[in-house]
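Reader: I'd like a close look at one part of a model. Please begin with a short overview, then go into detail.

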Amino acid sequence: MRAGELLKIAQRENIRSVDDLLEAIGRGGIKAKHILNKLLPKELQEEKARDVKTQKPAKTGAQQGNAGVRIRGVDDIMVRFGKCCTPLPGEKIMGYITRGRGMTVHAVNCPYIESADAERKVEAEWDPSCRIITPVSIEVMCVDHKGLLADITSSIAAAEANIRNARVVTTTDKKGINIFEIEVSDLKHLNAVMRSIEKIKGVLSVARLRF
């Protein structure tokens, strides 16, 4: 694409900048197909129109790689999850349009999204037809007792959660701080894992970590 073409199109659409144009596409105010048609040479548009007749309908939503999330008014956009809140299926979520990087999905109670520019927020929801596995971190505080770590890891495995990473620290007052990064399918699954750990004798507390 030649430099300046997108800017010219933005100006013809009464939009001040390329970033604002991309933002409008991300929100669904302007269809990406509409902009694409303005960029393609006429001959290529005609060729594409002929090809469409023999193609299968395009997949939308999570089928296109939207990570199990439905964004209102948007069919095809790259979706990432906020590392600050690591939202899980079962939690209410909100989309946020980022400049040049698609959509970032946050939990609605995430401090970042609560203070973010309202113009870039879009409604989002989980796609119930998709099952996704999400990494989440938990902190387990326990007494420093032989064999307790093995009991905790066995409890996580019994709850059908995979451990991706683990870090163990022993404090001066003989307590163990265990940070586990585990994979769960949704909020219900995470809560089941945490309840299972809480039942172990010697475990003092279990908490989900947000960064």
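Reader: How many helices and strands does the secondary structure of the chain come to? Then take me through the open sheet: in what order do the strands stand?

Author: The chain comes to 7 helices and 9 strands. Keep in mind that this is a predicted model. The chain has 211 residues, and buried residues make up 36% of them. Take the contacts with a separation of 6 or more: 62% of them join residues 24 or more positions apart.

Now the sheet. It is open, and 5 strands form it. Their order is β1-β5-β3-β4-β2, with mixed pairing. The edges belong to β1 (69-71) and β2 (79-81). Each has a single partner strand, so one side of each lacks a neighbour in the sheet. Between neighbouring strands the average turn is 35 degrees, direction ignored.

Walk across from the β1 edge. β1 pairs with β5 in the antiparallel sense, over 3 bridges. Within that pairing, I71 stands opposite A124 of β5. On to β3: it also pairs with β5 in the antiparallel sense, again over 3 bridges. There, G95 faces V122 of β5. At the other edge the sense is parallel: β2 and β4 (residues 103-107) are joined over 3 bridges. F81 has V105 of β4 as its bridge partner.

β5 spans residues 121-126 and has two faces. V122, A124 and W126 make up the covered face. K121, E123 and E125 make up the uncovered one. Both of the β5 residues named in the pairings above, A124 and V122, sit on the covered face.

Next, one residue of β3. Y96 lies in this strand, residues 93-97. Its relative accessible area is 8%, so Y96 counts as buried. Leaving aside neighbours within four places in sequence, Y96 contacts G102, M103, T104, H106, Y112, I113, A116, D117, R120 and K121. K121 deserves a distance. It is 25 residues from Y96 in sequence, yet the two C-alpha atoms are 4.6 Å apart.

Cysteines come next. A search of the whole structure finds 0 disulfides. Why is C84 not bonded to C110? The two sulfurs are 3.6 Å apart, which is too far for a bond. The cut-off is 2.5 Å. For C110 too, the nearest cysteine sulfur is that of C84. Their surroundings can be told apart by accessibility. C84 is partly exposed, at 26% relative accessible area. C110 is buried, at 3%.

Now the packing. The largest nonpolar core has 20 residues, and I152, I182 and I197 touch the most other members. Elements giving two or more residues to this core are β6 (134-143), α6 (148-158), β8 (175-184), α7 (187-198) and β9 (203-209). A second, separate core has 12 residues. Among them are I77, I93, I97 and M103. Two of these, I93 and I97, fall in the residue range of β3. M103 falls in that of β4.

Back to the largest core, and to I197. Beyond its neighbours within four places in sequence, I197 contacts I138, V140, I152, S155, I156, V203 and V206. S155 is a useful bridge to the helix, since its place is in α6. At 9% relative accessibility, S155 is buried. With close sequence neighbours set aside, S155 touches S196, I197 and I200.

Which residues of α6 are buried? They are L148, I152, S155 and I156. Their arc around the axis is only 100 degrees, so they lie on the same side of α6. The general rule is simple: an α-helix has 3.6 residues a turn, so residues three or four places apart point the same way. Several elements cover the buried residues of α6, including β6, β7 (162-170), β8, α7 and β9. Just after α6, E160 takes a positive phi of about 65 degrees.

To recap the sheet: the order is β1-β5-β3-β4-β2, with β1 and β2 at the edges. β5 pairs with β1 and with β3, while β4 pairs with β2.

Technical notes: Residues are numbered from 1 along each chain as its sequence is written. This is a predicted model: local features need pLDDT of at least 70, side-chain atom pairs count only at pLDDT 80 or more; totals for chains, interfaces and linings use all residues. Side-chain values use heavy atoms; hydrogens and water are left out. Two strands pair if DSSP finds at least two bridges between them. Helices (H or I, at least four residues) and strands (E, at least two) are DSSP runs, numbered from the N terminus. Axes are lines fitted to C-alpha atoms, for helices over the stretch in contact, and angles run from 0 to 180 degrees between N-to-C directions. A nonpolar core is a set of buried Ala, Val, Leu, Ile, Met, Phe, Trp, Tyr and Cys residues joined through side-chain atoms within 4.5 Å. Buried means under 20% relative accessible area, exposed over 50%, partly exposed in between (1.4 Å probe, protein chains only). Contact means heavy atoms within 4.5 Å. The arc is that of the directions from the helix axis to the C-beta atoms.
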